[in-house]
Amino acid sequence: MTTTEVTVTKLASDGVTVLNQTTVDWQWMKENLPVIGDGETIYYMQGPIFEDAWNEAHPGETYDPWNPSEDVNLIYKDHGEFMGTDVADLLDLAGGAEPQDRVKFVASDGLPKEWPAEYIYSPNARQGPFCLAWYHGSDTGYVNQSFTDGMRLYFLGETTNADGMHVWGNWDMHESWAEDYWYYYSGIYPSASGVSVQNVKTITIYSSETPLAPIADFTAEPVAGEAPLTVQFNDTSANVPTEWDWDFGDGMASAEQNPKHTYQNDGVYTVMLTVSNDQGSDTCTRENLIAVEVAGPHEPQTYVVDADGSADFTTIQAAVDAARAGDSVIVRDGTYQDNVVIGKSIVVRSENGPEKTIIRVARTESKDDHVISVTADGAVVSGFTLRDAETGGAGLGVFDATGCTFADLVCTNNSHGISLHAAPGNEILNCSCNNCYRGVDLYEGSDDTLVTGCNLSYNADYGIWAESSGRNQFIWNTLVGAEGGGAINLRASCDNLIAYNVLDCCNPQGAHCLVVEWGSENNTVYMNDFLSSVLLVTVDAGPNAWNSTEPFSYVYENRTYSGYVGNYWENVGGRGYTGEDADGDGIGDTIYSLPVHSPEFSPQYDRYPLAERFGNYVGEGNVIPLSQGWNFISVPRTLASGLDTAAVFSGVSMVGRPMYSYDAVSGWETLRADDPLSPLMAYWVYSETPCTVPLTFDPDPVSTPPERTLAQGWNAVGFTGFSPTSARNAFLSIVDEWSCAIGFGAGEQRYEVSFINGAQGAHGDGRDLEPMQGYWVFMRSAGRLCAISG
């Protein structure tokens, strides 16, 4: 049976007591441990040498089954171009081994092989590292593809024979190991290939360490909430206990290792865990650990965190534990060290942004140690620098949570920047992930996720990795590769939109701006810059659309066009687009053919490649300018489908502030990224710095102009049109109902002189309303406002 994971166990001197144990799969090894083998060098293993084979290669010479020159029975023992993990690194995961310890490898069919740990930690150059291989070359691939030998043990010898071949040969085995470890085929013929173990399932260290009494420890999640509150307890005790005795503090107990317990009544509870094994016992007590509140509505509270003791709490986790759904936690400037777990729908944000508020991971014992973990729907996290989760963890890890917003985060020096697992329907806005293994990860059905306004650059692997996750939008991002890394990888991910991104692969080793592989279909890719000195894109799936699926309007060299648009493919060394744009509409005259890796997939093309980078296709009329501070804005025309929501503002640094709209009937409303933007509506947007927001308009030339009913009282309305127009003309459809209007000067951050219906002079209604601006209009009675532009 093909193996894709291995369990490493360290036993005490009695050969029974488990001192440590861990199970890891090949992907975790690839991402978190050094990789040995370059995937290009071929390694050979020498099998038994029979007399006929010897005589053919060495006619007239004395038969020598050890063959020191390593030139017999090699070619058909070509085992491919390996990559894998040094077994020494795997042993260290379970506490390591001493040179005299024994290490046993067992295959999935029960075949065992055993060596001293010295051979693994101090390998002879002829032997090379013990390699647990999970990649078998480009023709066979990884263990979850066609590498049917599973996790296989090989020896990556550093020496070569006279022909330059890397061979683990019979004489290498003779010179590297004591005679007890030599292998003979049929008990007669030495065979180096006979010590290779296929489908490795377990690795066991038989140590000389004395069994120890356990040291009790545990975690609990959540630790606060409304009754009834169900808490998951997990044993994290050291030295492998065999018995557990839980006291939950409410009169109930359990003997399970990792029990789940429900608190029915409000109160504060102390929890104790006693663990034991044959060597002794130990107890861990957590005073006042669980806080259970009476169920029911409550007024939202705000808790402030400051490490100097001047606020409500000194740690972020303490404030999170105290908060209830709907509450907010505000974190003041400083550097905090914590593993924060957010298990409720609350807002957790910094007071002054990520540059001044840093959270460093406190615990890095495993790949599950994240700086912040979110497990609740509707949580909001914004304005932090999250760093140093280097042992497989993430700056932000999101698990089985939906409807969350993550904004203005800087994730650096983590294994993963922002990692979503089975977490659909979330928003990642204006974040930066760099110096990580991957920037943003989407796994296990993390569908309908919006990633926009982010800089996901200089990560070791990819800026965005989407696996088994679909219907996501990756728009208005910058993704620059690093050494060994690329920009975006889609694996078994369908129906995603990739648009308005700068994808730059500056890696001379051959990574890609975009990889589409393994069942990724119906993705739409347009208005992106593909910049690279090596590789732009590779396709191993399909079909996918490499240009817009509908025409829309764009501005190129001060002229407006309506049509389909594709991507810009930088031409370096003849690998990009080399066609011409004879008619000057910004679209190449010939198609761009994409490299399709496998012949089983149909050819794929960008049928409307851009002649220049996509930034040259946005004209003055397509941009809303924002000033620093609050802006009162509107959209001048109906926006294009798919680009007509508040997500177009997601690249704006709002410092944790939401967008707002106002309706005279329902009052103030907070906008989510998927809320539509409509002409004749006005919106409040905060921007930390001056910037511009590009818009894409509906290209349909035949459509009904927008209308909107205004109620008696104040209404927030938008202006439709691209040229200034008098208030008298703009409000002609409500000339009998409106009395005054007021604009907002974003540059001065104050209201402007009002417009009065029928007035002259400073307050006259002959003064102009400005495009892209919002206005307050007071209605004496309800009326119907009609657009002056579609």
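**Exercise 1. The lining of the largest pocket**

Determine which helices and strands each supply at least two residues of the lining of the largest pocket in this predicted model, and which of them gives the largest share.

*Solution.* Begin with the elements themselves: β2 (18-25), α1 (26-32), β14, β16 (229-235), β21, α6 and β25 (340-342) each contribute at least two lining residues. Next, consider the share of each element, where β2 stands out with seven residues, the largest share of the lining. Then turn to the pocket as a whole, which has a volume of about 1900 Å³. Its lining is made up of 48 residues, and those closest to the centre of the pocket are Thr236, Arg363, Glu365, Ser366 and Asp369.

**Exercise 2. Salt bridges between separate parts of the chain**

Find the salt-bridge partners of Arg102, Arg286 and Arg332, and work out which parts of the sequence each pair ties together.

*Solution.* Take Arg102 to start with, whose side chain meets that of Glu114 in a salt bridge with an N to O distance of 2.9 Å. Because Arg102 belongs to strand β6 (residues 102-107) and Glu114 to strand β7 (residues 112-116), this pair ties together parts that are twelve residues apart in sequence. Both ends of the bridge are partly exposed, Arg102 with a relative accessible area of 37% and Glu114 with one of 28%.

The next pair is Arg286 and Asp217, whose side chains meet at 2.4 Å, again taken from N to O. Arg286 sits in strand β21 (residues 280-293), whereas Asp217 sits in the loop between β13 (200-206) and β14 (218-221), so the bridge ties together parts that are 69 residues apart in sequence. Here Arg286 is partly exposed at 28% relative accessibility, and Asp217 is partly exposed at 30%.

The remaining pair is Arg332 and Asp306, with the closest N and O atoms 3.5 Å apart. Since Arg332 lies in the loop between β23 (328-331) and β24 (334-337), and Asp306 in the loop between β22 (302-305) and α6 (316-322), the parts that are tied together are 26 residues apart in sequence. Arg332 is partly exposed at 26% relative accessibility, but Asp306, with a relative accessible area of 12%, is buried, as the cut-off for that class is under 20%.

To complete the picture, Glu31, Arg438 and Asp461 are joined into one network by salt bridges that share partners, and the count of salt bridges in the model comes to 20.

**Exercise 3. The nonpolar cores**

State how many residues the largest nonpolar core has and which of them have the most contacts inside it, then describe the surroundings of Ile342.

*Solution.* The largest nonpolar core holds 65 residues, and Ile342, Ile372 and Val374 are those with the most contacts inside it. Leaving aside residues up to four places away in sequence, Ile342 touches Val320, Val348, Ile372, Ser373, Val374, Thr375, Ala376, Ala379 and Val381. Another core lies apart from the largest one and has 50 residues, among them Trp26, Trp28, Tyr43 and Tyr154.

**Exercise 4. The setting of strand β61**

Explain why strand β61 (residues 713-718) counts as largely enclosed, and identify the strand to which six bridges join β61.

*Solution.* Consider burial before pairing: five of the six residues of β61 are buried, and therefore the strand is largely enclosed by the rest of the structure. As for pairing, the six bridges lead to strand β67 (residues 774-779), and the two strands run antiparallel. At the level of single residues, Ala716 has Trp776 in β67 as its bridge partner.

Notes
Residues are numbered from 1 along each chain as its sequence is written. This is a predicted model: local features need pLDDT of at least 70, side-chain atom pairs count only at pLDDT 80 or more; totals for chains, interfaces and linings use all residues. Side-chain values use heavy atoms; hydrogens and water are left out. A salt bridge is a side-chain nitrogen of Lys or Arg within 4 Å of a carboxyl oxygen of Asp or Glu. Helices (H or I, at least four residues) and strands (E, at least two) are DSSP runs, numbered from the N terminus. Buried means under 20% relative accessible area, exposed over 50%, partly exposed in between (1.4 Å probe, protein chains only). Two strands pair if DSSP finds at least two bridges between them. A nonpolar core is a set of buried Ala, Val, Leu, Ile, Met, Phe, Trp, Tyr and Cys residues joined through side-chain atoms within 4.5 Å. Contact means heavy atoms within 4.5 Å. On a 1 Å grid over the protein atoms alone, a cavity is a set of points where a 1.4 Å probe fits but cannot get out, and a pocket is an open set with protein on both sides within 12 Å along at least five of seven lines; lining residues have an atom within 4 Å of a point. Grid points are joined across faces, edges and corners, and a volume is the space filled by probe spheres set on the points.
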